[in-house]
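Grab a pencil and work through these exercises with the model open beside you. Each task comes with a step-by-step solution, so try it yourself before reading on.

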Amino acid sequence: MTSVQRMKRFRLPAVLLWGLAGCATLPEDSRPQAADSVCLYNRDLGCVRLRVDSTTPRAVYKGKTYYFCADACREDFEREPEKYVSALLASKYGQAQ
Ligand SMILES: [Zn+2]
């Protein structure tokens, strides 16, 4: 066995353990989840789920707070909130909220 092969054998498990430990302690994991109703409506599914923190764009509509991945989504929402709220309520994300 060469020295390179020996290093690979030992490195892989160490990286996996480090990754698991890192995930469990990341403070980001405690942020509440929300769904971006504008991205949901636009079928931009990669951006629908987001983590809420103090910098997350948000809008209040009929006493409920909605969160967005970007200010552009928030502006679209404020133009036609009913359209996006209906899309959210019709989705699986609407059931959870
Ligand atoms: Zn968005």
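Two strands count as paired if DSSP finds at least two bridges between them. Keep in mind throughout that this is a predicted model.

**Exercise 1. Find out how β3 and β4 pair, and which residue in β4 is the bridge partner of Y61.**

Step 1. Start with strand β3, residues 58-61, and look for its bridges to β4: there are 4 of them, in the antiparallel sense.
Step 2. Check that against the cut-off: two bridges would already be enough for a pair.
Step 3. Now pick out Y61, and you'll find K64 as its bridge partner in β4.
Step 4. Look at what joins the strands: β3 and β4 make a hairpin, with 2 residues between them.

**Exercise 2. Inspect the backbone at K62 and R43: what is the sign of phi at K62, and what is it at R43?**

Step 1. Take K62, in the loop between β3 and β4. Its phi is near 50°, which is positive even though the residue isn't a glycine.
Step 2. Count C-beta atoms around K62: there are 8 others within 10 Å, so K62 is exposed. The cut-off to use here is 12 or fewer.
Step 3. Move on to R43, which sits in the loop between α2 and β2 (49-51). Phi of R43 is near 60°, again a positive value in a non-glycine residue.
Step 4. Repeat the count for R43: with 8 other C-beta atoms within 10 Å, R43 is exposed.

**Exercise 3. Sketch the order of elements along the chain, then ask which one has the lowest mean pLDDT.**

Step 1. Tally the secondary structure: 5 helices and 4 strands.
Step 2. Read from the N terminus, and the order comes out as α-β-α-β-β-β-α-α-α.
Step 3. Bring in confidence. The chain averages a pLDDT of 81, and 67% of its residues reach 70 or more.
Step 4. Split that by element: helix α1 (residues 3-25) has the lowest mean, at 54, while α3 has the highest, at 98.

**Exercise 4. Map the largest nonpolar core: which elements supply at least two residues each?**

Step 1. Get the overall burial first: 18% of the chain's 97 residues are buried.
Step 2. Pull out the largest nonpolar core, which has 15 residues; V38, L40, F68 and F77 have the most contacts inside it.
Step 3. Assign the core to elements. At least two residues apiece come from β1 (33-35), α2 (37-41), β4 (64-67), α3 (71-79) and α4 (81-89).
Step 4. See who gives the largest share: α2, with 4 residues.
Step 5. Zoom in on L40. Leaving out residues up to four places away in sequence, L40 touches A35, V48, A87, L88, S91 and Y93.

**Exercise 5. Compare two cysteines, C73 and C47: is each one buried, exposed or partly exposed?**

Step 1. Place C73 in helix α3. It has 25 C-beta neighbours inside 10 Å, so C73 is buried; the cut-off for that is 20 or more.
Step 2. List the contacts of C73 beyond four places in sequence: D36, V38, C39, P57 and F68. For C39, the C-alpha separation from C73 is 7.2 Å, with their positions 34 residues apart along the chain.
Step 3. Turn to C47, in the loop between α2 and β2. C47 has 16 C-beta neighbours inside 10 Å, so it's classed as partly exposed.
Step 4. Not counting residues up to four places away, C47 touches D36, C39 and C69. Going from C47 to C69 is a step of 22 residues in sequence, but 6.7 Å from C-alpha to C-alpha.

**Exercise 6. Find the contacts of A34 outside its sequence neighbourhood.**

Step 1. Locate A34 in strand β1.
Step 2. Check burial: A34 is buried because 22 other C-beta atoms lie within 10 Å.
Step 3. Skip neighbours within four places, and A34 is left with contacts to L50, V52 and Y67.
Step 4. Measure one of these on the model: the C-alpha atoms of A34 and V52 are separated by 6.6 Å, at 18 residues apart along the chain.
Step 5. Finish with the whole chain. Of the contacts between residues at least 6 apart in sequence, 41% join residues at least 24 apart.

Methods: Residues numbered from 1 in each chain as written. Predicted model: local features only at pLDDT ≥ 70, side-chain atom pairs only at ≥ 80, totals over all residues. Core = buried A, V, L, I, M, F, W, Y, C linked by C-beta atoms within 7 Å. Contact = placed C-beta atoms within 7 Å. pLDDT = per-residue confidence, 0-100.
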